[in-house]
Amino acid sequence: MACHVNLVPQSMATASAKPKAPPPPAACSISKPFISAKLVRSSQSSFVSTFSPSRPQTLTPLRSSRPMTDLAVRCASKAEPLRVMISGAPASGKGTQCELITQKYDLVHVAAGDLLRAEIASGSENGKRARAYMDKGQLVPDEIVVMMVKERLLQPDSREKGWLLDGYPRSSSQAIALKEFGFEPDLFILLDVPEEILVDRVVGRRLDPVTGKIYHLKYSPPETPEIAARLTQRFDDTKEKVKLRLHTHHQNVEAVLSLYEDLTLKVDGSVTKDDVFAQIDGALAKLLEKKRATTESLAA
Ligand code: AP5
């Protein structure tokens, strides 16, 4: 019998990466008298990115009449969660693919642009500052974005289910900050779409404020007249602003890509959204299978 037990103490993580609430003392549901456990030491970064309040730090034996195999399967069945980044030019389809990925893989979608728009909507000082940069199609300064993303990734759901980081990092300084906090991806997806398609996608994009769903007047029209009537357009979705956003993207993209070269999956984002998803789905399914196999071999 073996359970995957993370032994790295909380104090080994960087101070800023500490979870807000301490974890409960025991969480591995052992239903047989505890005989032995294979203890797995993780790297600091692995601890930070996989820590979960529901994961064990100590093992407490419980009594039950269930067979040993039951325990092994239950301990082994919980593979490390996926950690994925998705990147691409404005309107390359990041948000659209994130909807499909989260539906299937139940990852927590953390979109830097959405966090910023929520901050703007809150009327905060940071929101006001962010809006000025977004209006010009420029990157919002790191001191606003980095902490926002970090806080979201530290939430228990991101730790437990895994995360899908959309539109971050957009500069080498953002990537380095994330790494220092202990967050590293398993996969870096790059959506590749020719520029002439991007402008068309931006100007036709509409959002449903009720469901958050992304539409396009031509490629992905609303299902009912009722939905069509309530659709909104983003303040930066104009032909002029997308040119500025594209310029910013080109200035920064190479620096980010060079940091994730070994983990990058380049996807043709110019085909239909289902065909784009098929490429991503294949890679994620393989990755998850690999993680499950690793967990099972550790539990064997
Ligand atoms: P953000 O909100 O992240 O915008 P973006 O990167 O410009 O990307 P978009 O959200 O415009 O597009 P998308 O790739 O998600 O495409 P979507 O799926 O919606 O950032 C906005 C601003 O915030 C930035 O300019 C910056 O100022 C700031 N910011 C954000 N992150 C930051 C960071 N890390 N640091 C600093 N500042 C930051 O699709 C677009 C349209 O195409 C939709 O209508 C959709 O229906 C359609 N579509 C999608 N896929 C397909 C397909 N395969 N075929 C046909 N149509 C499709």
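A residue here counts as buried if its relative accessible area is under 20%, exposed if over 50%, and partly exposed in between (1.4 Å probe, protein chains only). Everything below comes from a predicted model, where local features need pLDDT of at least 70, side-chain atom pairs count only at pLDDT 80 or more, and totals for chains, interfaces and linings use all residues. Residues are numbered from 1 along each chain as its sequence is written, and side-chain values use heavy atoms, with hydrogens and water left out.

**View 1. The whole protein has 12 helices and nine strands.** Helices (H or I, at least four residues) and strands (E, at least two) are DSSP runs, numbered from the N terminus. The protein is 300 residues long, and 45% of them count as buried. Take the contacts (heavy atoms within 4.5 Å) with a separation of 6 or more: 78% of them come from residues 24 or more positions apart. About 14,900 Å² of the protein is exposed, with carbon and sulfur atoms supplying 56% of that; accessible areas come from the Shrake-Rupley method with a 1.4 Å probe, and for residues only the protein chains shown count as cover.

**View 2. Here is the ligand with the 36 residues around it.** A residue is near a molecule or strand if one of its heavy atoms lies within 4 Å of it. Thr96, Gln138, Arg170, Arg205 and Arg245 come nearest to the ligand. Sorted by class, the shell has 15 nonpolar, 12 polar and nine charged residues. For that sorting, Ala, Val, Leu, Ile, Met, Phe, Trp, Tyr, Cys and Pro are nonpolar, Asp, Glu, Lys and Arg are charged, and the others, Gly among them, are polar.

**View 3. Backbone atoms of Gln138 and Val140 meet the ligand.** A polar backbone atom of Gln138 sits 2.6 Å from an oxygen atom of the ligand. For Val140, a backbone N or O atom is 2.9 Å from a ligand nitrogen atom. On its own, the ligand has 1,000 Å² of accessible area, and the protein covers 95% of it. Helix H3 (94-105), helix H4 (112-122), strand S8 (214-216) and helix H12 (273-299) each give two or more residues to the shell. H4 gives the most, with four residues.

**View 4. Trp163 and Phe183 make one of the two aromatic pairs in the structure.** Rings of Phe, Tyr and Trp (its six-membered ring) pair if their centres lie within 6.5 Å; planes under 30 degrees apart are stacked, over 60 edge-to-face, and the rest tilted. These two rings are edge-to-face, 6.3 Å centre to centre with 75° between the planes. Trp163 belongs to strand S5 (residues 162-166) and Phe183 to the loop between helix H8 (172-180) and strand S6 (187-192), so the pair ties together parts 20 residues apart in sequence. Trp163 is buried, at 1% relative accessible area, and Phe183 is buried too, at 2%.

**View 5. Phe188 and Tyr260 form a stacked pair.** Their ring centres are 4.9 Å apart and their planes meet at 10°. Phe188 is in strand S6 and Tyr260 in the loop between helix H11 (239-259) and strand S9 (264-268), 72 residues apart, so to speak, as a link between distant parts of the chain. Phe188 and Tyr260 are both buried.

**View 6. Some backbone oddities sit in loops.** The peptide bond from Tyr168 to Pro169 is cis, with omega near 0°, and Pro169 lies in the loop between S5 and H8. Ala91 isn't a glycine, yet has a positive phi of about 65°. Ala91 is in the loop between strand S3 (82-88) and H3, and is buried at 11% relative accessibility.

Key: Polar contact = N/O pair within 3.5 Å; in protein donor to acceptor, adjacent residues only side chain to side chain.
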